[in-house]
Amino acid sequence: MGEERFGEFVLVRRHEEGVAELVLDRPKAMNAVSSEMARSIAAACSALGGDQAVRVVVVTSTHERAFCVGADLKERNSLSDADLLRQRPVSRGAYTGVLELPVPAIAAVHGFALGGGFELALSCDLIVADRTAVVGLPEVSVGVIPGGGGTQLLPRRVGAARAAELIFTARRVEAEEAHRLGLVDQLVEPGEDRPEALALAGRVAGNSPVGLRAAKRALRLGQGLDLRSGLEVEDAAWRTVAFSGDRAEGVAAFNEHRAPRWPGL
């Protein structure tokens with residue numbers, strides 16, 4: 001297992017079989033996303049997205065009681081309007097970096113995942129949460145709106161009316177309700193979010209690297225389209241894998257009753 005640090009607050013761990021872990025590591029601030037941390041998240045995502053050996057990314061936290069509490073409001077309080085305007089693309093880069101990972105991404109959530117912290121999780125494809133998790137988008141309670149994708153990603157998970165209720169009330173949602181509402185996908189016992197997310201990533205990573213990237217592309221690009229347009233997106237993604245080495249190996253392995261040895265191309 002190799003490790004690489006991106007700035008002071010982000011660590012990337014590379015596990016076996018193409019699983020990479022993007023670790024939020026600013027424990028003194030409960031992983032509040034400062035400008036420096038946002039740049040590091042974006043840089044780490046760029047590196048992971050460009051690495052053909054990476055098949056799945058798991059986003060985790062080193063803080064015992066928080067996944068991420070959102071934007072660094074202490075830093076924001078010191079910014080002028082001009083500073084805030086200049087900082088905006090930096091902040092967006094972190095969320096966009098996670099959202100645009102070309103491989104499946106899984107968030108391992110425990111404790112607080114609020115505001116931008118929950119938006120980082122929402123930017124992943126799947127969310128594994130333990131029973132200590134508390135999630136929410138409280139931005140309107142401090143005079144702003146979710147700005148890391150929350151107004152767009154949450155309704156895609158739970159529908160427009162439920163997302164409106166959660167965003168307008170700014171309320172925090174505890175783990176059991178979060179799971180029931182579909183805010184998180186899998187609920188596990190306290191302390192099991194990271195192990196279970198890594199185990200899930202391992203199961204996903206056993207599949208074709210070419211197939212995984214194409215499937216994610218079809219899922220993401222097809223969202224919000226009418227059925228006919230969505231099927232065209234799917235067909236385009238299918239064509240990128242149909243004549244690949246992975247497809248040939250997958251069919252051969254099936255017929256030879258053996259595990260596939262994916263070429264990844």
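These notes go through the sheets, helices and a few single residues of a predicted model.

1. The seven-stranded sheet. One open sheet has seven strands in the order β1-β2-β3-β4-β6-β8-β11, and its pairing is mixed. β1 (2–6) and β11 (186–188) are the edge strands; each has a single partner, so one side of each lacks a neighbour in the sheet. From one strand to the next, the twist averages 20°.

2. The β2-β3 hairpin. Strand β2 (residues 10–14) pairs with β3 in the antiparallel sense, over five bridges. Leucine 11 has valine 23 of β3 as its bridge partner. Four residues separate the two strands of this hairpin. In the turn, glutamate 17 has a positive phi of about 60°. Check that residue when you look at the backbone.

3. Strand β3 itself. How many residues of β3 (residues 19–24) are buried? Six of its six are. Val19, Glu21 and Val23 point one way, while Ala20, Leu22 and Leu24 point the other way. Both sets are buried. Note that Glu21 is in the buried list.

4. From β3 to β4. β3 also runs parallel to strand β4 (residues 56–61), and six bridges join them. Here glutamate 21 has valine 58 of β4 as its bridge partner. Between the two strands the chain passes through helix α1 (residues 35–49), in a β-α-β crossover that is right-handed.

5. Leucine 22. This residue sits in strand β3. Leucine 22 is buried, and its relative accessible area is 1%. Its C-alpha atom is 4.7 Å from that of valine 12, although the two are ten residues apart along the chain. Neighbours within four places in sequence aside, what does leucine 22 contact? The list is Val10, Leu11, Ala44, Cys45, Leu48, Val57, Val58, Val59 and Thr60. Val58 is the β4 residue that bridges to glutamate 21.

6. Farther along the sheet. Strand β6 (residues 105–109) and strand β8 (residues 126–130) run parallel and are joined by four bridges. Isoleucine 106 stands opposite leucine 126 of β8. Helix α1 packs on this sheet and touches β1, β2, β3 and β4. The direction of α1 makes about 20° with that of β2.

7. α1 against α3. Packed helices are described by the angle between their axes and the distance between the axes. The axes of α1 and helix α3 (residues 81–99) come within 8 Å and cross at roughly 40°. The crossing is left-handed. On the α1 side, the contact is made by Ser35, Ala38, Arg39, Ile41, Ala42 and Cys45. On the α3 side, Gln87, Val90, Ser91, Gly93, Ala94, Gly97 and Val98 take part. Cys45 is also among the contacts of leucine 22.

8. The four-stranded sheet. A further open sheet has the order β5-β7-β9-β10, again with mixed pairing. β5 (66–68) and β10 stand at its edges with a single partner strand each, so each has one side without a neighbour in the sheet. β5 runs parallel to strand β7 (residues 112–114), and two bridges join them. Alanine 66 is opposite phenylalanine 112 of β7.

9. Helix α6. Which residues of α6 (residues 160–169) are buried? They are Ala163, Leu166 and Ile167. Seen down the helix axis, these buried residues fall within an arc of 95°, so they line one face of α6. This fits a general rule: an α-helix has 3.6 residues a turn, so residues three or four places apart point the same way. Ala161 and Phe168, on the other side of α6, are exposed. The cover over the buried residues includes α5 (150–158) and β10 (173–174). Just after the helix, alanine 170 takes a positive phi of about 60°.

10. Glutamate 249. This residue lies in helix α11 (residues 245–255). Is glutamate 249 buried or exposed? It is buried: its relative accessible area is 13%, and the cut-off for buried is under 20%. Not counting residues up to four places away in sequence, glutamate 249 touches Arg258, Ala259, Pro260, Arg261, Trp262 and Pro263. Two arginines, Arg258 and Arg261, are included in that list.

How values were computed. Residues are numbered from 1 along each chain as its sequence is written. This is a predicted model: local features need pLDDT of at least 70, side-chain atom pairs count only at pLDDT 80 or more; totals for chains, interfaces and linings use all residues. Side-chain values use heavy atoms; hydrogens and water are left out. Buried means under 20% relative accessible area, exposed over 50%, partly exposed in between (1.4 Å probe, protein chains only). The arc is that of the directions from the helix axis to the C-beta atoms. Contact means heavy atoms within 4.5 Å. Two strands pair if DSSP finds at least two bridges between them. A crossover is right-handed if, with the strands pointing away from the viewer, the path from the first strand over the helix to the second runs clockwise. Axes are lines fitted to C-alpha atoms, for helices over the stretch in contact, and angles run from 0 to 180 degrees between N-to-C directions. A crossing is left-handed if the near helix is turned anticlockwise from the far one by less than a right angle, and right-handed if clockwise.
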